[in-house]
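Student: Could you take a close look at one part of this protein for me, and set it in the context of the whole chain?

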Amino acid sequence: MNNYELMVIFTPVLSEEDYKAAQKKFIDLVTSNGGEVVNSNPWGLKSLAYPIQKKTTGLYWVMDYKAPSDFNEKLKIQLLRDDNVLRQMFTVLDKYAVEYNAKKRSGVPTGTEKVEA
């Protein structure tokens with residue numbers, strides 16, 4: 001089992017219920033294929049750096065998960081088939097990134113925070 005991070009940008013026209021349902025669909029896909037969701041973090045509506053499909057905003061969602069290496073191809077196919085997904089990006093996390101994310105979630109200082117002057 002490898003550690004991964006998935007960032008998805010959903011179309012901004014989704015209602016709150018549809019946004020949560022879309023997240024749950026991909027969380028269920030991970031767990032039903034033998035994976036484990038470590039963290040799910042909906043960022044909400046953010047501006048895009050450039051327009052995608054004539055949209056200037058998107059609903060961001062980040063999920064950390066553990067899964068077998070062959071599972072990502074199945075997940076990618078499902079993401080590409082979903083009309084609500086504008087973009088997606090997979091990142092393989094090494095042990096340092098996993099440790100950093102765990103510290104960040106628990107509130108332990110990671111050394112990268114901004115210092116108030």
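Tutor: Let's start with charge: the protein chain has 16 positive and 15 negative charges, and their mean positions are 3 Å apart. Here Lys and Arg count as positive and Asp and Glu as negative, with His and the chain ends not counted; each charge is placed at NZ of Lys, CZ of Arg, CG of Asp or CD of Glu. This is a predicted model, in which local features need pLDDT of at least 70 and side-chain atom pairs count only at pLDDT 80 or more, while totals for chains, interfaces and linings use all residues. Residues are numbered from 1 along each chain as its sequence is written, and side-chain values use heavy atoms, leaving out hydrogens and water.

Now for the close look, at Gln 23. This residue lies in helix 1, which covers residues 16-32 (helices are DSSP runs of H or I with at least four residues, strands are E runs of at least two, numbered from the N terminus). Gln 23 is buried, at a relative accessible area of 9% (buried means under 20%, exposed over 50%, partly exposed in between, with a 1.4 Å probe and protein chains only). Setting aside neighbours within four places in sequence, Gln 23 is in contact with Ser 40, Pro 42 and Trp 61, contact meaning heavy atoms within 4.5 Å.

For the wider setting, the protein chain has three helices and four strands, in the order β-α-β-β-α-β-α from the N terminus. Of its 117 residues, 30% count as buried.
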